[in-house]
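Trainee: I should like to work through this model one question at a time. May we begin with a single residue and then widen the view?

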Amino acid sequence: METPSRREMFKWAGASAAGAAVLGPSAQVSRAAAAGPAPYTLPDLPYACNALAPVIDERTLRIHHDRHHAGYVRGLNAALGRLNAARGSGDMASIQALSQALAFHGSGHVLHTLYFANLSPRATQPTAPLTRAIVGQFGSLRSLTTQLAAATATVAGSGWGMLAFEPIGRRLFVLQIEKHENQMVCGAIPLLVIDVWEHAYYLHYQNRRTDYIKAIMTRIHWAEVGRRFGAALRLCA
Ligand code: MN3
């Protein structure tokens with residue numbers, strides 16, 4: 001996918017800010033967003049490009065980081081810039097494609113950041129709490145790595161193997177990720193969800209899903225969303 005330059009990113013942000021005066025409340029949102037968080041940047045590798053050889057050769061690692069991961073970062077910033085412009089102009093027709101681009105590049109950036117950070121020139125040992133969790137749930141580190149290797153090897157098509165923490169049961173899960181988005185950004189902690197399975201609205205709204213959504217937006221428990229946001233900030237501190 002072709003991605004815009006940094007200059008184009010700022011052009012979008014500037015254009016939507018300039019249009020805010022005539023575009024009303026949604027444009028004010030985009031003006032705030034234009035002055036919001038800095039663009040995502042490509043993190044440096046935490047080791048030299050030849051540090052993982054011969055397991056991962058220098059050329060492979062350099063291309064993977066400098067071109068592939070960098071492309072996800074550019075794509076993520078581009079998607080955010082286009083979303084900001086769409087909010088400013090009220091162009092909701094583009095939201096489905098832009099949501100897909102956000103998930104694809106957002107997950108690509110998150111997963112590659114984790115991937116490069118969880119490799120090391122020398123293998124290291126898990127911390128004591130992680131060891132206890134692994135032994136308690138899998139029996140041994142060897143048992144976990146056997147399952148993780150099997151899960152990773154059998155991902156259908158492109159994807160990832162993953163060890164994840166599931167915070168409700170406070171358990172470790174070995175998961176497969178097919179492709180890497182499925183419209184989610186992995187690692188993103190849900191703060192607010194809206195059920196649009198038909199069971200959630202069909203008796204009253206039948207096929208008028210947008211009416212249901214418009215109505216439910218007036219009943220959001222934003223204080224609870226705020227509480228979850230605070231908890232997520234503490235969790236990720
Ligand atoms: Mn990759």
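**Reading the model**

Trainee: Is Glu 181 buried or exposed, and what is its relative accessible area?

Mentor: Glu 181 is buried, where buried means under 20% relative accessible area, exposed over 50%, and partly exposed in between (1.4 Å probe, protein chains only). This is a predicted model with residues numbered from 1 along each chain as its sequence is written; local features need pLDDT of at least 70, and side-chain atom pairs count only at pLDDT 80 or more. Totals for chains, interfaces and linings use all residues, while side-chain values use heavy atoms, leaving out hydrogens and water. The relative accessible area of Glu 181 is 8%.

Trainee: Which residues does Glu 181 touch, not counting residues up to four places away in sequence?

Mentor: Glu 181 sits in the loop between strand 2 (171-178) and helix 8 (202-205); helices (H or I, at least four residues) and strands (E, at least two) are DSSP runs, numbered from the N terminus. A contact requires heavy atoms within 4.5 Å. With residues up to four places away set aside, Glu 181 touches Ala 103, Phe 104 and Ser 107.

Trainee: Which residues are the protein donors of the manganese ion?

Mentor: Donors are N, O and S atoms within 2.8 Å of the metal (3.2 Å for Na, K and Ca), and sites may look incomplete because water is not among the atoms. Here the donor atoms are of type NE2, lying 2.0 to 2.1 Å from the ion. They belong to His 64 and His 112.

Trainee: How many residues apart in sequence are the parts that His 64 and His 112 tie together?

Mentor: His 64 is partly exposed at 22% relative accessibility, whereas His 112 is buried at 5%. His 64 lies in helix 4 and His 112 in helix 5, so the pair ties together parts whose separation in sequence is 48 residues.

Trainee: At what angle do the axes of helix 4 and helix 5 cross?

Mentor: Axes are lines fitted to C-alpha atoms, for helices over the stretch in contact, and angles run from 0 to 180 degrees between N-to-C directions. The axes of helix 4 (residues 58-89) and helix 5 (residues 95-117) come within 8 Å of each other. They cross at roughly 145°.

Trainee: Which residues form the largest nonpolar core?

Mentor: A nonpolar core is a set of buried Ala, Val, Leu, Ile, Met, Phe, Trp, Tyr and Cys residues joined through side-chain atoms within 4.5 Å. Leu 61, leaving aside neighbours within four places in sequence, is in contact with residues including Ala 48 and Phe 116. The largest core has seven residues: Leu 45, Tyr 47, Cys 49, Leu 52, Ile 56, Leu 61 and Phe 116.

Trainee: Which residues does Thr 41 touch, not counting residues up to four places away in sequence?

Mentor: Thr 41 is found in the loop between helix 3 (25-34) and helix 4, and is exposed, with a relative accessible area of 56%. Beyond the excluded sequence neighbours, Thr 41 touches Val 73 and His 109.

Trainee: Which residues does a cis peptide bond join, with omega about 5°?

Mentor: Most peptide bonds are trans. The second residue of this cis bond, Pro 54, has its place in the loop between helix 3 and helix 4. The bond joins Ala 53 and Pro 54.
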